[in-house]
Each structure stands twice: as structure tokens, then as C-alpha cells.
Amino acid sequence: MSEPIRLARPDVGEAELAAVAEVVATGMLTMGPKVGELECALAGACGTSDAVAVSSGTAALHLAMMALGIGPGDEVIVPAYTFPATANAVELCGGKAVIVDVDPDTFNLDIGLVSTALTPQTKAVIPVHLFGRPVPWAELRAVVPEEVALVEDAAGALGARYRGTLCGSLGVMGCLSFHPRKIVTTGEGGAVTTSDAGLADAIRRFRHHGIVTRGDYDIPEPGFNYRMPDLLCAIGIPQVNRLEELLAARERVAGWYTERLQHLVLTPRAADGDRHGWQAYVVQLDRRDEALQSLRAEGIEVQIGTYALHHLGAYRDQGPFPGADRAFARALALPFATTMTEAECDRVAEALTRFA
Ligand SMILES: Cc1ncc(COP(=O)(O)O)c(C=O)c1O
């Protein structure tokens, strides 16, 4: 059998090893200088005045909801097709995640349906740039009242752009993830990007037990330990510094796939004028389940796209969401990494052709 093709292969090597070794040598494994260094690089990469590093993308979403004061009686609109952390963050604050269907072709919120879900209790919307495809921001902003906060789930959209504007700087906050399948990875990690100094302060407090750094040892409100250690921040810095190179490599691999597959299955793309982040390359086909089994059997690691929230026990009472149903049944994530070769893309495409 040929070599297996992994679903994802983080682009980490000598630079990351050296960065970790440097931190180990200093003995300052957490709460040291690498946190601020990564935050500065991320704010630059997202076009915001601040970024706050946290322990995961889930922590970023949770703290964004905490910073907005989401609690019982509040509603937050989330897409029906997303990683469940988007909705969990709302519910864990005591708020209600109000599910809105997606456009199955783009996987993103169906903007036409958002206004029907708005109520006087709606405090925020969390649009997800799913798999790196920017949400049509102007259309969304036009239907959402000014007092309702837009918080980007940009877990897979670092470096992606909506009409030239960087994802992570479109909403009042952006939430990034550095999980190994993401564009920049630290193993586990995340960040909240924002240009609102008050929100950045609140996130910093909540990530560190609620401690206010003013010297009187008070904790006015309880917080978490959602800190990101220096060891992991150090791994992220060289990657953020070569973000453009990583994005270009992802674009190249996506191009190879699209060339081979666009006439056979529904292939992903950004809207005209936008830049896709290519966190994942997710196609759609009717015979998805057959393809998934067969490709896996020949060593090609494929995966479903993501979850349809209303199929989960935690969110089963809402619906129907035909767009999310369609995406959930048809989406197939192909192996995707900066280091993929054209020959590997050929192998995946040939295997998939049998099911198109
Ligand atoms: C859209 C989306 N939001 C949030 C998350 C959560 O990120 P993390 O795994 O870093 O907690 C993920 C991770 O897969 C994601 O894909």
C-alpha cells in the first residue's frame, strides 16, 4: 500500500524547535515575554490594536462572551453548521445559542435568515468564517442592529480577508485557534483580537483568575486560568512571522485540488474580491460516506467537514436547518497541508473521482 496521506501536517520545524529551546533555557515557561511578543505579532497580522493569547480557540470564544457580559436571558446567534465550541461558549455563560441555518454552498451563515432570528434579547452574533472562507460582512452588518455585537469566530481565518479587510478585525472581537489543523499552530492555543481597549482588558482579567493588576490583590469578578504558556507562544511566533508564506503555500495546494476536482464535485472558493484562509479544503458530494470509507481504507485520511448543531444532544430542540443538513451529509475534508505535493493531490483526486 502507498504511504498514508495525513489529514493535516503542521508546518513546524527548526525555527519552532529553537524557539522552544530558548524558552526552556530561560526557565520562564509561562507568563514571560513570549506572550506579549506573540500578541504583538497577531495584532499586526489581524490589523487590530490588540490581541490577547489564551489557551485555545474555545477559551477565546468563552472569554469573548464573558467580556460582553453574556448571561441568562441573553441570546447570541450562531450558525447551524460549525464546530460546537461556537455555541458552547454562549451556553456556558448562561446565554442561549440561537441557531440560524447556513448557505450549504458556502458553509457560512445564510444572511437572509439572520433578521428573522433577531429579538430584543439578541446581544451578539458569532459569524464563523468556516474553513477560512470570509463571511459576507457588509451584508451581515446591514441586517444586524448597531447595538448587537458581531464577534468573529475566525478560528480558521487568520490572514483571510473580506474585500481587503483582515478577518479578526471585522467584528468587535475576533477569536483565533492554533489547533494543529489551523493555519498557525501551537498544539493548543488561541487568541482574541480587538481594537477595543476595554474588551482587551476584560479578556486579560478573565484569562488570569479575574486578577486586576493594580497591586491591591483584589479580584472584583471571578475568572479562569486560560493563559497560554510561553513555551507555546514561542512556537507560534515564527509561524505568524511567516504567515504570508504559509498562506501562499495553502493557496497553492488549494489550487491543485481545485484544478483536478472542480468539474467533479463542489469545490470551495472565496467570494470574488475576498481571500480564503484555506484552513481546510472541504468538497461536497452526494456519495460522501462511501468516499470517506474508501479513501480511508486506502490510507488517505479524510474527515467530515464539521458538525450540524441541531444533531447534537445539547442543541436538539431547534430546527429544521436544511442547509446545515445538506452540508453535514455532503462535506468531505481532504488531506491539507502546506507541505503537500502535487503527486499527493493527484492521488487524492484520483481516489475521489470514483465517487463523483
Ligand atoms: C470554527 C471553530 N471554532 C472554534 C474552534 C475551537 O478551537 P480550539 O480547538 O482551539 O478550542 C474550532 C476548532 O476546531 C473551530 O473550527
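**Ligand shell, domains and helix α11**

Me: In this predicted model, how many residues surround the ligand?
Reply: The closest are Ser56, Gly57, Thr58, Phe83 and Ser177. They belong to a shell around the ligand that numbers 14 residues.

Me: Which elements give two or more residues to the shell around the ligand?
Reply: Two or more residues is the bar here. The helices that reach it are α3 (57-67) and α4 (85-91).

Me: How many residues of the shell around the ligand are polar?
Reply: Sort the shell by class. Four residues are nonpolar and one is charged. The polar count is nine.

Me: How far apart are the C-alpha centres of domain 1 and domain 2?
Reply: The domain assignment gives domain 1 as 14-99 + 107-241 and domain 2 as 243-353. Between their C-alpha centres lie 24 Å.

Me: How many residues does the contact take from domain 2?
Reply: Domain 1 puts 32 residues into the contact. On its side, β3 (96-100), β6 (161-162) and α8 (230-241) each give two or more. From domain 2 the contact takes 30 residues.

Me: How many residues are nonpolar on the side of domain 1 that touches domain 2?
Reply: Take the classes in turn. Six residues on this side are polar and six are charged. The nonpolar ones number 20.

Me: What covers the buried residues of α11?
Reply: Helix α11 spans residues 322-330. Its buried residues are Gly323, Ala324, Ala327, Phe328 and Arg330. Their cover includes β10 (281-284), α10 (288-297) and β12 (331-334).

Technical notes:
Residues numbered from 1 in each chain as written. Predicted model: local features only at pLDDT ≥ 70, side-chain atom pairs only at ≥ 80, totals over all residues. Near = placed C-beta within 6 Å. Helix = DSSP H or I, 4+ residues; strand = E, 2+ residues; numbered from the N terminus. Nonpolar A, V, L, I, M, F, W, Y, C, P; charged D, E, K, R; others polar. Domains from an automatic or database assignment. Contact = placed C-beta atoms within 7 Å. Buried ≥ 20, exposed ≤ 12 C-beta atoms within 10 Å, placed from the backbone.
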